[in-house]
Every structure is written in C-alpha cells, then in structure tokens.
Amino acid sequence: MSRPASETTTEYAARRILLETPTPYRDLQSRLDEEVTPLDESDVAELDTGRTTWADFLRGLTWTAPSGFVRLWRHEAGALLRHSGSGIETTSYLLADLAVTARALRQDGGALLYLPMRLELQSRPDGSALLMDQPSSALGSFGRNKLTQAGAELDRRLGDLIESLELARPDSLRR
C-alpha cells in the first residue's frame with residue numbers, strides 16, 4: 001500500500017566550476033584547511049545548552065571563519081579508492097556559511113539540498129584541481145528572490161575564498 005504524495009519536478013541548469021592549477025595537491029589542501037576551519041562542536045554545545053544565542057554564535061564565527069565558511073565534513077576518498085587502481089588523490093569538503101544557510105532555510109527547506117556546499121579537491125599530474133557547483137545556479141532554481149540573493153552572496157564568498165587560496169577568481173564568481 002502506498003501513501004498519497006504529490007510530485008513536483010523542477011528542471012534547472014547547474015553550473016560546475018573547474019579550476020586547474022599547478023599548485024601541488026597537498027599544498028592546496030593545507031591552504032584550504034587553514035582557510036576553512038572545522039565547525040567547533042563546543043560552540044554548538046553552547047547553543048544546545050542555551051549558554052549562547054544564535055546571534056552570538058554567528059558573531060563568534062566571524063573570528064574563527066573569516067571566509068564566512070566553516071567545514072562541516074572532510075573526506076579523503078582517494079585513500080579508499082586507490083585500492084580500485086586509481087592514482088588520484090581526492091578530498092571532498094562540505095562547507096557552510098551558516099548565516100546564509102539559516103536564511104535560506106527560512107525561505108524553503110529544499111534549499112538544504114544545496115547547502116552546505118560541496119567542494120572537491122583532486123590531484124592532477126601537473127598540480128591539482130578544485131571542483132564546485134556555483135551556488136546561485138542551484139538556489140536560483142527555486143524562483144524566490146531571497147534564495148536568488150543568497151546564491152549571489154555565496155557566489156561572492158566562494159570567489160573570495162578562492163582568492164584567499166591565491167587562485168584567480170573564476171569569471172562566473174565575479175562580483
């Protein structure tokens with residue numbers, strides 16, 4: 001027996017960005033790990049226990065996460081996949097700008113399909129590559145002005161992060 005459900009299908013065009021650089025993989029990985037620090041679970045515990053407010057929590061992030069992003073998850077898939085014969089080193093990241101994510105959630109819970117953002121770092125024979133989807137391409141698909149604005153803000157912050165890694169800002173993330 002199936003339960004009743006309504007279905008809505010939305011087609012949209014995503015924009016994937018690939019940045020290739022002669023920067024060695026481990027160097028870029030170290031730089032990325034410095035720029036996007038992990039979310040401090042003790043700060044989350046302060047929220048959970050009511051010892052801090054959401055506003056104070058976000059204010060604290062401006063000191064620990066100057067890029068606006070915190071790292072929620074990091075996985076070195078290459079360590080496992082090397083057993084498949086792949087020689088590619090790869091690290092996946094989930095990055096969140098929690099202030100923007102909270103605003104997006106208030107507009108449409110479906111936005112959390114795309115927030116936090118995924119970033120992929122891969123080794124290349126002559127350096128490394130960063131791959132990511134442009135946030136505005138996904139968030140704009142909801143057709144809500146505030147989500148479109150959130151996507152544009154994340155585009156800008158992502159471009160700023162890339163520049164902080166000493167890489168050129170991609171054209172699609174220009175201000």
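Visitor: Leaving aside its neighbours within four places in sequence, which residues is Ser67 in contact with?

Guide: This is a predicted model, in which local features need pLDDT of at least 70, side-chain atom pairs count only at pLDDT 80 or more, and totals for chains, interfaces and linings use all residues. Residues are numbered from 1 along each chain as its sequence is written, while side-chain values use heavy atoms and leave out hydrogens and water. With contact meaning heavy atoms within 4.5 Å, the partners of Ser67 beyond those neighbours are Glu35, Val36, Arg157 and Leu161.

Visitor: Does Ser67 count as buried or exposed?

Guide: Ser67 lies in the loop between helix 3 and strand 2, where helices (H or I, at least four residues) and strands (E, at least two) are DSSP runs numbered from the N terminus. Buried means under 20% relative accessible area, exposed over 50%, and partly exposed in between, with a 1.4 Å probe and protein chains only. Because its relative accessibility is 13%, Ser67 counts as buried.

Visitor: Which strands stand at the edges of the sheet?

Guide: Five strands, paired in the antiparallel sense, form an open sheet in the order 1-5-4-3-2, and two strands pair if DSSP finds at least two bridges between them. Each edge strand has a single partner strand, so one side of each lacks a neighbour in the sheet; these are strand 1 (16-21) and strand 2 (70-75).

Visitor: Which residue of strand 4 stands opposite Tyr93?

Guide: Strand 3 (residues 90-96) pairs with strand 4 (residues 117-124) over six bridges, in the antiparallel sense. In strand 4, the residue that Tyr93 stands opposite is Leu119.
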